[in-house]
Amino acid sequence: QVQLVESGGGLVQAGGSLRLSCTGSGDIGRLDVMGWYRQAPGRQRELVAMATSAGSRNYADSVKGRFTISRDNAKNTVDLQMNSLKPEDTTLYYCNLHRSYPGRASDYWGQGTQVTVSS
């Protein structure tokens, strides 16, 4: 079983920065992908950034150049450095671990952390 615990959300003015941290525990393997999603009320959860243990990184177009994801395989952590924050970045952010098996996949989620950007 995998557990994910997030920290680091909060309130910041537009143009400011926040850093989200996620620590995983349990059976986390080198093939698991870790990342961050966000979900605004009434909308689908969307990918913000993801990182493989091999060093690959993917970002949503809306955050490219502003957000940076980092992963520490030894500590099972994945952090999201968010710079140049905009009011539209305001929402709940969730840490995710995605595990693929032959023919199926599993997703694990943290409890969510609120990010609020004031204009």
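Which charged end sits over the ring of Y94? In this predicted model, the residue in question is R45, whose charged end is placed 3.8 Å from the centre of the Y94 ring. Y94 itself is buried, as its relative accessible area of 12% falls under the 20% cut-off. A second arrangement of this kind involves R104, which lies over the face of Y101 at 4.0 Å from the ring centre.

Y94 also takes part in the aromatic contacts of the structure, so it is worth turning to the two aromatic pairs found here. In one of them, the ring centres of Y37 and W109 are 5.1 Å apart, and the planes meet at 75°, so this pair is edge-to-face. Distant parts of the chain are linked in this way: Y37 belongs to strand β4 (residues 33-39) and W109 to strand β10 (residues 104-109), with their positions 72 residues apart. The rings of Y94 and W109 make an edge-to-face pair too, because their planes stand at 90°, with the centres 6.5 Å apart. Here strand β9, which holds Y94, is connected with strand β10, which holds W109, over a separation of 15 residues. Together, Y37, Y94 and W109 form one aromatic cluster. W109 is partly exposed, at a relative accessible area of 34%.

Strand β9 (residues 91-101) also contains T91, which counts as buried at 6% relative accessibility. Polar atoms of the T91 side chain lie 2.4 Å from the backbone oxygen of Q39 and 3.1 Å from the backbone nitrogen of A40. Beyond its neighbours within four places in sequence, T91 is in contact with R38, Q39, A40, T113, Q114 and V115.

Technical notes: Residues numbered from 1 in each chain as written. Predicted model: local features only at pLDDT ≥ 70, side-chain atom pairs only at ≥ 80, totals over all residues. Heavy atoms only, no water. Helix = DSSP H or I, 4+ residues; strand = E, 2+ residues; numbered from the N terminus. Buried < 20%, exposed > 50% of the residue type's maximum accessible area, 1.4 Å probe, protein only. Polar contact = N/O pair within 3.5 Å; in protein donor to acceptor, adjacent residues only side chain to side chain. Contact = heavy atoms within 4.5 Å. Phe/Tyr/Trp six-rings, centres within 6.5 Å; stacked < 30°, edge-to-face > 60°. Lys NZ or Arg CZ within 6 Å of the ring centre and 35° of its normal.
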